[in-house]
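Hi,

Here is the structure I said I would pass on. Have a look through it first, and then read my notes underneath.

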Amino acid sequence: MCVVERDFLQEEHLIFRSSLRKFLAQEAAPYFAEWEQNQQIPRSFWRQAGERGYLCPWALEDYGGYEADFGYSVVLNEELERIGTAMVGIGLHNDIVMPYIHAYGTEDQKKKWLPGAITGDIISAIAMTEPAVGSDLAAIQTTAIKDEDTYILNGEKTFITNGYTADLIVVVCKTDPHIKPAHKGISLLVVEADTPGFRRGKKLRKVGQHANDTCELIFEDARVPAENLLGEEGKGFYYLMEKLQQERLIVSIQSIAATEIMIDLTTDYVKQRKAFGKRISQFQNTQFKLAEMNTALQMGRVFVDQLIKSHMTGKNLVTEVSMAKWWSTDLVKKVAAECMQLHGGYGYMEEYEIARRYRDAAVSSIYAGSNEIMKVIISKNMGL
C-alpha cells in the first residue's frame, strides 16, 4: 500500500497502468510458471507487448515510439515486478540497453534497430561482465581490433540477461587494449545475432529469476561491421558511466516495488494463518516486524520517488542513485527473509510466492554494480 503522493504520475500514467495491469494479468500471470520452467520469456510475449506499446515507449515517433516520459518507465517496471522479478529482461531492454542506441547511435543505426525494438521483433542485451571480470569494467579482456571495414571481436561474456534470445547485443570491448589508463580504450560495439564467429553458451542455471534467460556469449574472431561501432572509439567507458545512473535507478524502483508486494503478501497471509488458537497477525512480534518493514518501505519510496523526479529533469544523481541502489536492494533482501519467516514452513514451499520472491531478490545487490561498489562511489564523492 503506497501512502506517498507521487505527483510525477498524472492521470494518463494511471490509465496506462490500468491497461498494462490487465494485459499482464491475461498474457503473463497465467504462463509465468511455465516461463520459469523454460528459463525464458517467449518471443510471442515480446511481440504482444510491442503491439500494445509497452516496449520503449519513450522513443521518438519517427521510429515508432510515443515519446513518453520516464513516468511510463516507472509504471512499466513496477507492473512487471508484480508478475515476477524475472521479468527484468523487458525492463533492461526498454530502459537500459536501447537508450544506448538512442543516445549514441547514428541516424542509420537508430532507423535500423529502434523500430524492431519497439515492436518486439528485436530483443536486446548488454554484455559487460566477463568470467574473470565483474564490477571492474576497466579490466575487461574482450578486444575488438579494427581490420579495414570490420572489427575482429574476441572474448567471452557471462551472466548476460536476455543473452539467449537477444537479436542485438551491445558489447563492451577494448578497441585499444594497450592504452593507459585502460578505461580510455573501451568502446561499445553492437553485435547482431547472425554475426559469424559469435555463439551463445547454454542457459545458466541460477538460484532465482528463472524466467530471465541468462547465458554466456562467446566471440571467436567474430567479424563485426565497423558501422556497428556505437558512438566514438574510446568513449565507451564514459557512455557507460552516463547511463548507469538510470540503470541503478531502475533497480531501485524494482526493489521498492518488490518490497511492497512481499509486505502485502505477508500481511494477507498472517491475517489468515492461525497458531496457538489465534491469527498470527495478533502476535506482537508479527505486528512489530510488519510495522518495521512498512516504515522502511515508505521511507525508501520517498527517497526513490524524489530521485525519479530529479532524474526526469536531467539532474546528475550519481551519488544519490548509488545510495538508493544499495539501500533498496539490501532492504528487499531483508524483507524477503523476514516475510518468509512469517510464512513459517509454507514460506519455504515453491507453491507460495514468497519462496520465489526470496530467491529472486538475492542477486539484486550484485547486479548493476555490486553494493560494495556503490559504497565506494559514495565515499569517493564524499571526498574520502
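Below is what turned up, going from the cavities to the salt bridges and then to the surface.

One thing to keep in mind: this is a predicted model.

Let's begin with the empty space inside. The structure has five cavities of 30 Å³ or more. The largest holds about 70 Å³ of space. Its lining is made up of Glu81, Thr85, Val251, Gln254, Ser255, Ala258, Val332, Asp360, Ala361, Ser364 and Tyr367. Two elements, α7 (236–272) and α10, each give two or more residues to that lining, and α7 has the largest share with four. Sorted by class, the lining has five nonpolar, four polar and two charged residues.

The second largest cavity comes in at about 40 Å³. Around this one you'll find Ile41, Trp46, Ala86, Gly89, Ile90, Asn162, Ala211, Asn212 and Asp213. Here the split is five nonpolar, three polar and one charged.

Now the salt bridges. A search of the whole structure gives 24 of them. In one, arginine 43 pairs with aspartate 167, with 2.9 Å between the closest N and O atoms. Arginine 43 sits in helix α3 (residues 43–51) and aspartate 167 in the loop between β3 (150–161) and β4 (168–174), so this pair ties together parts that are 124 residues apart in sequence. Both ends are partly exposed: arginine 43 has 27% relative accessibility, and aspartate 167 has 22%.

Another salt bridge runs from glutamate 192 to lysine 112, at 3.4 Å between the closest N and O atoms. It links strand β5 (residues 186–192), home of glutamate 192, with helix α6 (residues 107–119), home of lysine 112, and the two residues are 80 apart.

Then there is glutamate 260 with arginine 301, where the closest N and O atoms are 3.2 Å apart. Because glutamate 260 is in helix α7 and arginine 301 in helix α8 (residues 284–312), the pair ties together parts 41 residues apart in sequence. Both glutamate 260 and arginine 301 are buried. Elsewhere, shared partners join Glu36, Glu81, Glu350, Glu353, Arg356, Arg357, Arg359 and Asp360 into one salt-bridge network. You've met Glu81 and Asp360 already, in the lining of the largest cavity.

Last, the surface. Tyr346, Tyr348 and Met349 make a nonpolar patch of about 340 Å². Tyrosine 346 is in the loop between α9 (318–343) and α10 (353–361), and its relative accessible area of 36% makes it partly exposed. For contrast, look at methionine 374 in helix α11 (residues 371–381): methionine 374 is buried, at 0%.

Cheers

Key. Residues numbered from 1 in each chain as written. Predicted model: local features only at pLDDT ≥ 70, side-chain atom pairs only at ≥ 80, totals over all residues. Heavy atoms only, no water. Patch = residues over 30% accessible without salt bridge, like charges linked within 9 Å, V, L, I, M, F, W, Y side chains within 5 Å. Areas by Shrake-Rupley, 256 points an atom, 1.4 Å probe, with all protein chains shown as cover. Salt bridge = Lys/Arg side-chain N within 4 Å of Asp/Glu carboxyl O. Buried < 20%, exposed > 50% of the residue type's maximum accessible area, 1.4 Å probe, protein only. 1 Å grid on protein atoms, 1.4 Å probe; cavity = no way out; pocket = protein on both sides within 12 Å on 5 of 7 lines; lining within 4 Å. Points joined across faces, edges and corners; volume = space filled by probe spheres on them. Nonpolar A, V, L, I, M, F, W, Y, C, P; charged D, E, K, R; others polar.
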